[in-house]
Amino acid sequence: MKTIIEPFRIKSVEPIRMTTRAEREEKLRDTHYNLFGLRSEDVLIDLLTDSGTGAMSSQQWAAMMRGDESYAGSPSFERFKAAIQNLMPFEHIIPVHQGRAAEAILFSILGGKGRNIPNNTHFDTTRGNIEASGAMAHDLVIDEGRDPASLHPFKGNMDLAKLHEYMCEKGDSVPCVMTTITNNAGGGQPVSLENIQATAKIAHEFGKPFIIDGCRFAENAWFIKQREPGQADRSISDIVRDCFACADGMTMSAKKDGFANIGGWLALNDGDLADRARNRLIQTEGFPTYGGLAGRDLEAIAQGLTEIVDEEYLRYRIRTNEYIITKLDALGLPVVKPAGGHAVFIDARQWLSHIDPLGFPGQALACGLYKTGGIRSCEIGSVMFGRQPNGQEIPAAMELVRLAFPRRTYTQSHADYIIEVFGEIAEEKQSYRGFRIAWEADTMRHFSCRFEPLK
Ligand SMILES: *Cc1c(COP(=O)(O)O)cnc(C)c1O
C-alpha cells in the first residue's frame with residue numbers, strides 16, 4: 001500500500017484549544033516574543049520540542065504499575081538496565097533524570113579549564129555543560145552538514161580529516177571524542193555507521209574514550225538501514241548494537257528515543273570513571289539504582305526501548321517529516337533536505353533574507369508561525385548559538401526554525417494544517433521584521449531572553 005498510516009489507534013485524547021490571531025498577538029507581546037514563555041494551553045500544535053512530549057503506549061502505562069519504588073536495589077532498575085544493555089552493550093548503566101544530568105556528571109569529571117571536546121555538533125545543553133566546566137566545545141561536522149540544500153545522505157557525519165588534524169593539534173587536552181546521533185543542532189541529520197566506527201578509531205588511536213550522545217539512536221539506525229550500503233536487510237536492533245559496540249560510553253535523554261516523558265542515563269565501560277560518576281550521581285541525582293527517577297519511570301523507559309526499534313513505527317515517524325518537507329518544498333520554502341529524523345527545519349536566513357542574521361530571522365519566523373497558526377516552533381540559530389563565551393555576537397552557521405514532532409502524538413491532518421499555515425505566511429513575510437535582545441541570561445539565553453521587535 002502507498003499510504004503509510006499512523007501505526008496505532010488512539011485510546012486516550014487531550015483536547016487542544018483554538019485561539020484567535022488577536023489573542024495570539026497579545027500573548028506574544030506578554031511573553032516578550034519568547035515562545036518558551038507561552039502557556040501550552042495557548043498553543044494549538046506544539047512543535048517546540050520532541051523531548052518528553054510523546055504519547056506513551058498502553059504497555060508503557062501498564063509497566064508503570066509494576067514500578068518498584070524501593071530506594072535501593074529496585075527490580076525496576078534491573079529491567080531498565082537489561083533493556084539498555086540489550087541494545088547498548090555497556091558495562092555500567094547510571095540512571096539520571098534527563099540527558100543534561102548525564103552531561104553534567106560526565107563533564108564534572110572529564111571537563112575543566114584547558115580541555116577541548118570535539119563532536120560532530122554539540123547540542124546546546126552539551127555545549128553548556130562543557131563550557132560551564134571551563135572546557136571548550138568544538139563542532140567538526142562535514143561541510144555538507146552546514147549546507148541546508150545539500151542532499152548528502154549522512155549530513156551529520158563527523159569530518160574525519162578535521163578530527164584527525166584536531167587530535168594532532170590538541171590531542172593532549174582532549175578528554176574524550178563525542179558524536180551526536182542524530183545530529184540535532186545540525187538539522188536532525190543522521191550519522192552513518194561507517195562514520196561512527198571511523199570516529200571511534202581516531203579517538204582510540206589517540207588513546208581517548210569515544211562517547212556517543214545517543215538521544216535519537218533509533219531514528220539514526222533507521223536512516224542507516226535506508227541509506228547505507230549493505231545495511232538494508234539488517235534489523236534496527238542489530239544496527240543499534242553495532243553503533244554502540246565501538247563506543248566507550250554514552251549520554252542519553254530517554255525523553256527522545258526512550259519513548260518516555262522523563263529520564264536518561266550515562267553509560268560507561270571504564271569502571272574507574274563509572275565509580276566517580278556514581279559518586280557524583282549520589283551527590284546530585286540520587287542512589288545509583290534510581291538516579292533522579294521514580295521506579296515507574298525506569299519501567300516506562302524499559303518498555304519504551306522495546307517499542308522504539310519497531311520498523312513500522314520508524315517508517316511512520318520519518319515519513320511524517322518527508323511528507324511535510326515535500327509539500328513545503330513545492331510551496332517554494334527553503335527546507336533542510338533530505339528530511340531529518342525528528343523535525344522539519346526551515347532555512348529562515350534564506351526565506352526571510354531581508355532580515356539580518358543578527359536580527360534573528362529564525363525568531364521572526366517562529367513568532368510568525370504562532371501568530372498565524374498557533375504553532376509553536378523553536379529557533380535554532382543566532383539566538384541559540386550567536387553569543388560567544390567572550391560576549392561577542394557572531395551569526396550562527398545557519399538560521400533555522402525547527403518544527404520538532406512529538407512521538408505518536410499528531411496525525412496527518414495536523415501536518416496538512418501546518419503546511420497551510422506556511423502558505424499564509426508566504427503571502428505576508430515581506431512585512432516581517434527582526435528582533436533585538438533586550439535582556440538575556442549568562443548561559444543558554446534562548447530559554448529566557450526577552451526580545452523587542454525592530455521597527
Ligand atoms: C535533548 C538532548 C540532550 C539533553 O537532554 P535533556 O533530556 O533535554 O536534558 C542532549 N543531546 C541531544 C542531542 C538532545 O537532543
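# A guided tour from strand 12 outward

Select strand 12 first: both of its faces are covered, with Leu400, Arg402 and Ala404 on one side and Val401 and Leu403 on the other, and each of these residues is buried. Here "buried" means under 20% relative accessible area, "exposed" means over 50%, and "partly exposed" lies in between, computed with a 1.4 Å probe on protein chains only. Strand 12 is mostly covered, 5 of its 5 residues being buried. In a regular strand, side chains alternate between the two faces of the sheet.

The model in the viewer is predicted: local features need pLDDT of at least 70, side-chain atom pairs count only at pLDDT 80 or more, and totals for chains, interfaces and linings use all residues. Residues are numbered from 1 along each chain as its sequence is written, and side-chain values use heavy atoms, with hydrogens and water left out.

**The sheet around strand 12**

Extend the selection to the open sheet of 3 strands, which has the order 9-12-11 and antiparallel pairing. Strand 9 (343–347) and strand 11 (378–380) stand at the edges with a single partner strand each, so one side of each has no neighbour in the sheet. On average, neighbouring strands of this sheet are turned by 30 degrees against each other, direction ignored. Strands (E, at least two residues) and helices (H or I, at least four) are DSSP runs numbered from the N terminus, and two strands pair if DSSP finds at least two bridges between them.

Next, display strand 9 together with strand 12 (residues 400–404); their antiparallel pairing extends over 5 bridges. Asp347 has Leu400 of strand 12 as its bridge partner, and Ile346 stands opposite Val401. Now move to strand 11, which is joined to strand 12 by 3 bridges in the antiparallel sense. Here Glu379 stands opposite Val401.

Add helix 14 (residues 361–373), which lies across strand 9, strand 11 and strand 12 and runs at about 40 degrees to strand 12. Axes are lines fitted to C-alpha atoms, for helices over the stretch in contact, and angles run from 0 to 180 degrees between N-to-C directions.

**The two domains**

Colour the protein by its domain assignment, which gives domain 1 (21–50 + 310–453) and domain 2 (58–307); such bounds come from an automatic or database assignment. The C-alpha centres of the two domains lie 26 Å apart. At the interface, 31 residues of domain 1 are in contact (heavy atoms within 4.5 Å) with 34 residues of domain 2. About 2,700 Å² is buried between the domains, with carbon and sulfur atoms giving 61%; this is the accessible area (1.4 Å probe) that the two parts lose on being put together, summed over both. Within domain 1, select Leu314, Pro338 and Arg407, which lose the most area to domain 2, together 19% of what that side buries.

**Thr251 and the cysteines**

Centre on Thr251 in strand 7 (residues 249–253). Thr251 counts as buried, at 2% relative accessibility. Leaving aside neighbours within four places in sequence, its contacts include Ala102, Met178, Ile211, Cys215 and Trp265.

Finally, select the cysteines: how many disulfides are there? The count comes to 0, where a disulfide is a pair of cysteine sulfur atoms within 2.5 Å. The sulfur of Cys176 is 14 Å from the closest cysteine sulfur, in Cys246, too far for a bond; Cys176 is buried at 0% relative accessibility. For Cys378, the closest cysteine sulfur is in Cys449, 11 Å away and likewise too far for a bond, and Cys378 is buried at 4% relative accessibility.
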